[in-house]
Amino acid sequence: MIVPSSSRTLVVSDNSSLRFTSLAELSSGNLLAEVDLRRAVVSLKLRQDKKGSIGQFLTPASVAELMAGMFNRLDLPEISLLDAGAGIGSLVAAFVAKVCQHPQHTSSLRVVAYEIDPFLIGYLHQTLELCERECQYVGISFNYEIRETDFIEDAVRLLQVGLLNSAIATEFTHAILNPPYLKINAHSQVRELLRSIGLETSNLYTGFMAATAQLLKPSGEFVAITPRSFCNGPYFRNFRKMFLEMMALQQVHLFESRQEAFSDDDILQETIIIQATKQKQKSSSVIINSSSGAIDDFIMSHSVPYLDLVNPDDLEQFIHIIPDKISQQIVQQMALFTCTLKDLGLTVSTGRVVDFRAKDYLRTNPENNTVPLIYPVNLSNGSVDYPKITKKPQAIVHIEKTANLLIPNEHYVLCKRFSAKEEKRRIVTVVYDANQFNYAYVGFENHLNYFHKDGRGLSLTLARGLAVYLNSTLVDAFFRLFNGHTQVNATDLRKLKYPNLSQLLSLGTGIKEQFPCLWEIDQLIETKLLSMSNLSENNPIATKSRIDEALQILTKLGFPRAQLNERSALTLLALLDLKPTDSWQLATSPLMGITPMMDFMAQHYGKTYKPNTRETVRRQTVHQFLDAALIVANPDDLTRPINSPKTVYQIETSALELLRTYATDEWEKSIHTYLASVETLKKQYAQEREMSRIPIVINGEIKTLSPGGQNILIEKIINDFAPRFTPSGKLVYVGDTDEKFAHFDEAALTVLGVNIDSHCKMPDVIIHFTKNNWLVLIEAVTSHGPINPKRKKELEVLFKSVQIPLVMVTTFLSRKAMVAYLTEIAWETDVWVAEDATHLIHFNGEYLLQAYQIEKRKTF
C-alpha cells in the first residue's frame, strides 16, 4: 500500500493521546493500521494489573479483521451496530472497513459504542471520527454515539423499557463484541441486574453476551470473541440455555494456541469466536474453522450438523465443538465407554489441604509427628516423587486439628487440577502407591484431585488401570475438545465416561512399579479396549500421536515457536510421505509441491484446509524449512525459479537419514550429530544455488538474481531495455523471485513521495527516468500476466501519491510469448519484447498514425 508520507504523520503528545495531522488520504487498510497502532500504544500505557482488574483486553487488528469478516448481511439498506465494550474502537473500525469494502454496501450506518474508562474514551472518539471519514469516501451516511455508562445497567434499562415498546430495546441489526472477562460476586449489583433479565451467571463476559443478544433485532447478527469455557460446565448452564434458545450458531473459529489471539497479554483461557443469528430456527449445519492464530490464514474448515454441535435433548446444552474428522473419530471411540464413576462405585474429590489456611501446621521436610503432604510438583512419570527438594512444604503435622485434612494412607489416583500454559497434556494423573509410604495418613494439597472409594483407597490394580486410562491420548484429546479452560475440576472428571470395572482391572494387570510411557499406554488402550470395535481401523490416536511426534522433532531441530504448530508438523509428514501408522523407518523423500502436500494432509490426516491457504504453507513453513536446510527446492532443476507453479521440494538426504532413526536407540546420537553438521549443510546448498544465480550490475555494484523464470527477463530489462529507452535513468527497485527484491532504493522512492507497504504487489522493475522525470513501472511476464486493465488500476492506486507521470511497460522474452497475452494488455501502456530489443509497442498512443524515419530510434 502506498500513501503520501504527509498523511501518515503521527503525534504522541504529553497527555498520552494520539492525533493525526491529516486524514484525507486514509484508506480501509490504513484505518485498521492506524487504529491498531493506537491500541499498541494504549496497551503499553495501561498497566497489566489494570487490564486484569477490569477484565478488559484490547482487540488486535488481526483478530478484529477476522471477526468483521464473519458477518454475512452487510448489504442491508440501514445497519445499526452495537459494541458493548468498545475500548478504543478496534472492532468498530474493522466492521466499518469491511462495510466500506462491500461491493453493495449499505447507505446508512449507525454505531452505538459503550465505554466507561475515561482514558480510552478519548481514543474511541478519534477512532469513530476516522470511521466517519472512511464512510464519507464511499458515500455511506455515518452516525455514532458513545455511551459513557455501564453497559449492563443500560441494557437492563432498555430491555425493561422494551417490555412496553420492543422497538426501543431491539434496535441493532449487528453486534460485535470482545466482552470483559471478570468473575462477579453472587451478591453484587451486576449479578442482581442480570437476574432481572433472566440470567444467572458467575462471569461478566456471559452477561455481556446475553444482554447484547437480547438487544438485537430479529435476524440480527452477533460476532464475539470470548473464552471457550461457556461451552460446557455447570457454571454456564443457565447462560447456554438462554443464549441457544434465542440465537442460532452459524460459525465457530478456534485457535490452536492459547497465546496467539491476544499475544500482547498473558491470557490463559482458550478463546473462540462465534457468529450467530437471532432466530429460533436452527441451521442444518455449522462451520467450524480453526487456525493457529488470527494472523495465520492457514485455516482448517469443517462443517458439522447442528445437532452434533448442540443436542436439543441435552439438559446441559453443552456445545460440542468438533473441528475435524479426527475429532469426530475420537468422540466415536469415547462413546464406547458408558460407565460413570458412580457405576464403578468411585468418586473424585479435591485435595483437602489449602496451604495458606493450614500454614501453621506445614513443615518443609518430614519430622516426627508429621505425615506426607503431596503437591502437584510431586507428581512425576506416573508416580509420586517424595520427598522432593522444592519450595513447597513436604509434610503436615498430624494432630487433632488437622485430622479432617488427612485421609488413610491407601492407594489412590491423583490428578493435577491445573495445566501450565501450552502444556502438552491437559489431564496428568499418577498412582499414589501406599506401599511406598510408611505412614498411617497422607495429605493431598488443594491443587490436586484424588479418586477414592467412599473416602478410602482403591485396589492397586484398579488404581493403575484407572491412571492408564486417564493418561491416554484418547482421553486427553477428548477432554480438550470440550473443556476450554486450563483447569481439570472434579466436576469435569465426574462427567467423563469410563470403561467398566473388568476393563480397568485388565488395563492395570501386569503394570508394576514402572509406569508405562505414553506410547505403551496408547497401545494398551488400543489392544485391550478398542481392538474388538469396528472403529479401530480409523485410528485417531495414531494420527494425533504421529502429529505430536513430528512436533517433537521440529522442537528438537530448534525451530522457533512460529513453526511449532500442526501446519508445520503436517508439512513435514507430507514431505516424508509418512502415514499415521507407518514406521518412521519407512520415511521417503518424494518431490512434492504445496498442493500435493495439502492433499496428503486431507487424505491421510483428516485435515482439510481452505484452498486459498497454500501461500501460508509456503511462507510460514516451507521457507523456514529451506532456511534450516531441512528441505531443498527444485533439486531436479536448480534453474527453475522458486515461485514457479512447478516448484517442488524434497527432504534433504542427511535429514531423511536422521528422521528414519526417530523412536529408535540411535535417535539421540543421530540428532546430536546432525545438529553439529547442519550449518555446513546450509552453506553447501547455498553455494550450489549461488552458482546458478544471474549476475546484474546496478550503480556499479554486482548483484545476483535467483536462477530461471522471470529473472532471465529482468536481467535483459536491466542490460538491454534500460540503457536504450531510459538512458541515464536510475534503477530504484528490482524484484527477485527468491528474495522479494534484489535492489530497493527506499530513499529515492521517498523523495518521490512514496511509502511502500511490505505486503503490496510491486512491479518487477522501477526506473526513475530522470531526463523526462517519469517513473517507469515494468512487469516481466514469464508465468504471470501482463499489465491488464485490472493491474493498471492497481499500479495507479499504489503510486497515486507520485507527482510525476507514470509509464507502464509489459515485457516478454519473445513475440510468441507476447501473442498469448495480446488481448489482455491495457491501453495507454507499452510492450517490449527482448528478442526485438530495439523496438517498443505502444497501445493507443497520442497519435493514431505517426510517421517514423528509418534511422530514428523510437523512445517513449
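Among contacts in the protein chain between residues at least 6 apart in sequence, what percentage join residues at least 24 apart? Count a contact when heavy atoms lie within 4.5 Å. The figure is 71%.

Before the exercises, some ground rules. This is a predicted model, where local features need pLDDT of at least 70 and side-chain atom pairs count only at pLDDT 80 or more, while totals for chains, interfaces and linings use all residues. Residues are numbered from 1 along each chain as its sequence is written, and side-chain values use heavy atoms, with hydrogens and water left out.

**Exercise 1. Take stock of the chain and look at helix α3.**

Step one: list the secondary structure. Using DSSP runs numbered from the N terminus (helices are H or I, at least four residues; strands are E, at least two), you get 28 helices and 35 strands.

Step two: check burial. Buried means under 20% relative accessible area, exposed over 50%, and partly exposed in between (1.4 Å probe, protein chains only). Of the 860 residues in the protein chain, 55% are buried.

Step three: zoom in on α3 (residues 61–68). Here 6 of the 8 residues are buried, so the helix is largely enclosed by the rest of the structure. Those buried are Ala 61, Val 63, Ala 64, Leu 66, Met 67 and Ala 68.

**Exercise 2. Sort out two aromatic pairs.**

Step one: apply the rule. Rings of Phe, Tyr and Trp (its six-membered ring) pair if their centres lie within 6.5 Å; planes under 30 degrees apart are stacked, over 60 edge-to-face, and the rest tilted. That gives 29 aromatic pairs.

Step two: try Phe 142 and Tyr 144. Their ring centres are 6.0 Å apart with planes at 45°, so call this pair tilted. Phe 142 is buried at 7% relative accessibility, whereas Tyr 144 is partly exposed at 27%.

Step three: now Phe 769 and Trp 774. With centres 6.1 Å apart and planes at 80°, the pair is edge-to-face. Both Phe 769 and Trp 774 are buried.

**Exercise 3. Describe how α9 packs on α10.**

Step one: get the geometry. Helix α9 (residues 204–214) and helix α10 (residues 237–246) pack at about 25°, with axes 10 Å apart. Axes are lines fitted to C-alpha atoms over the stretch in contact, and angles run from 0 to 180 degrees between N-to-C directions.

Step two: name the arrangement. Angles under 35 degrees count as roughly parallel, over 145 as roughly antiparallel, 65 to 115 as roughly perpendicular and the rest as oblique. So α9 is roughly parallel to α10.

Step three: find the contact residues. Helix α9 brings Thr 206, Met 209, Ala 210, Ala 213 and Gln 214, and α10 brings Phe 239, Met 242, Phe 243 and Met 246.
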